[in-house]
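Student: I have a structure to go through, and I'd like to know how its labels are justified. Could we take them one by one?

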Amino acid sequence: MIVIGGGPVGEVAAERAARGGLQVALVEHERFGGECSYWACIPSKALLRPGNLLAAAKRVPGVPVGDAVDPAEVFARRDWFTGKGDDTGQVKWAEGVGIAPIRGHGRITGEREVTVDGGDVLTARHAVIVATGSVPRTPSIPGLDTISPWGSREATSAEAVPRRLGVLGGGVVGVEMAQAFATLGAEVHLIISGARPLPRLPDFAGDAVIAGLREVGVTVHTGSGLDSVSAVDGGKELALKGGDRLLVDELLVATGRRPATDGLGVETLGLEAGAPLTTDDNGRVSAVDGDWLFAVGDVTGRAPLTHQGKYAARAAGDSVAAQAAGKPVDSAAWSAHSATADHHAIPQVVFTDPEVASVGLAGPEEGKPHRVVDIDIAVAGSSLHADGYAGKARIVVDTERGVLVGATFVGQDVSELLHSATIAIVGEVPLSRLWHAVPSFPTISEVWLRLLEAYGL
């Protein structure tokens, strides 16, 4: 089997297939370990954690803390996690589990055929799995190509804190990096098109994140955008919609991502470069005959999160291994070969202060028997956790089946509540049975009891 893309998703697919007895080549043109390890999940959380910890410490009297984080120490700790881009450890890991790492750009040049950098031709007996991830979307803004804007990579790998930072985009990257650099000492302006960030989540989540950003000094420009940008003496001038102008030292463009299928050779298969590779739940690319082309992770557009990509990679790697061994591939929902949870229970955390943790539906679906319960997180555990603790919780219930189909939590450290919600949704645990899962006292998890009481149990 050949895997194109040596990030965490590709690594998991390769490992599962190797564990199933296949010889596996893993092709990567940048760093083994991929975007998440060096430019996204890991370094961004390393930049956020010190500021979140400082804020948390200040909410508990008697804890001796200073007023600011040390940027040099924060950057040094981030560099420790990313190894400053050295992927030697990832290469050794691959070799140690029986995977052949091949450095170079892989392009599909035929059925089961991958050509690396126009030279070496690899042929897979069984399958090719594409795990090339995603790349930033670049908006069409006059002057943007003249100022060398930051993308997420430049933000997470920065070696110094800009004095003034503009951030365009109210998604996860935008709000997380706005907060991280504000706590590192930058004057930050967040520019978003709507009334609040994180528009796919309940309104109370975006409102809480705006309040948290403003608390650390971020200026949030709502209902706005950029008409143009230009290089001027002293920095970069941003012309905001509505007429305001800002002068910044750096501009981070965080306006979303798209599947990385450019240069992959999908045109030879009749597919469109830049478009997602649509798959079934086993990971097979639906538009290609022959059961040999699979895709997992961001490149599919299904659930663009590292943990969901790795989940799909386990299903696809196991499917290919079973197929190669002449065993049946189970396409049934919730089987070991199917990434069923992509349709029902995608967990995600926004690691701002406050955190936002969500899984499943953010609100009721029109025409469905759904009921929403919203409460404040106001239990003994939250009061002990932090003075003035402010948080909210929501559950979405399918009233016909009596099971959860969605949950959202907002507040300090609520990410640790998320897996229990994910289990309840995936397991379709009846609320009448969930009532008997007694939360420990005094923990923030007692909010589960309050939610069920509010529902009427």
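Student: Which residue follows α8, and what is the sign of its phi?

Tutor: Glad to help, and keep in mind that this is a predicted model. The residue that follows α8 is G217, and its phi is positive, near 100°.

Student: What makes the length of helix α8 close to the expected one?

Tutor: Helix α8 covers residues 203-215, which is 13 residues. From first C-alpha to last it reaches 19 Å, against an expected 18 Å at 1.5 Å a residue.

Student: Which residues of α8 are buried?

Tutor: They are F204, A205, G206, V209, I210, G212 and L213. As a general point, an α-helix has 3.6 residues a turn, so residues three or four places apart point the same way.

Student: Why is the contact between R153 and E35 called a salt bridge?

Tutor: The cut-off is 4 Å between a side-chain nitrogen of Lys or Arg and a carboxyl oxygen of Asp or Glu. The closest N and O atoms of R153 and E35 are 2.7 Å apart, so the pair qualifies. R153 sits in helix α6 and E35 in helix α2, 118 residues apart, and the pair links distant parts of the chain. Both belong to a network of salt bridges with E30 and R257.

Student: Why is R153 called partly exposed?

Tutor: Buried means under 20% relative accessible area and exposed means over 50%. R153 has 24%, so it falls in between. E35, at 21%, is partly exposed for the same reason.

Student: And E446, which bridges to R450: buried or exposed?

Tutor: E446 is buried, because its relative accessible area of 9% is under 20%. Its partner R450 has 32% and is therefore partly exposed. Their closest N and O atoms are 3.1 Å apart, so this pair also meets the 4 Å limit.

Student: What makes I42 eligible for a surface patch?

Tutor: A patch residue needs over 30% relative accessible area and no salt bridge. I42, in helix α3, has 37%, so the area requirement is met. Together with W80 and F81, I42 forms a nonpolar patch with about 360 Å² of accessible area.

Student: How do you know that β21 and β22 pair?

Tutor: Pairing takes at least two bridges, and 7 bridges join β21 to β22, so the two strands pair. They run antiparallel, and V397 has L404 in β22 as its bridge partner.

Student: Why are β18 and β20 called edge strands?

Tutor: The open sheet has 5 strands in the order β18-β19-β22-β21-β20. β18 and β20 each pair on one side only.

Terms used: Residues numbered from 1 in each chain as written. Predicted model: local features only at pLDDT ≥ 70, side-chain atom pairs only at ≥ 80, totals over all residues. Heavy atoms only, no water. Patch = residues over 30% accessible without salt bridge, like charges linked within 9 Å, V, L, I, M, F, W, Y side chains within 5 Å. Areas by Shrake-Rupley, 256 points an atom, 1.4 Å probe, with all protein chains shown as cover. Helix = DSSP H or I, 4+ residues; strand = E, 2+ residues; numbered from the N terminus. Buried < 20%, exposed > 50% of the residue type's maximum accessible area, 1.4 Å probe, protein only. Expected span 1.5 Å × (residues − 1).
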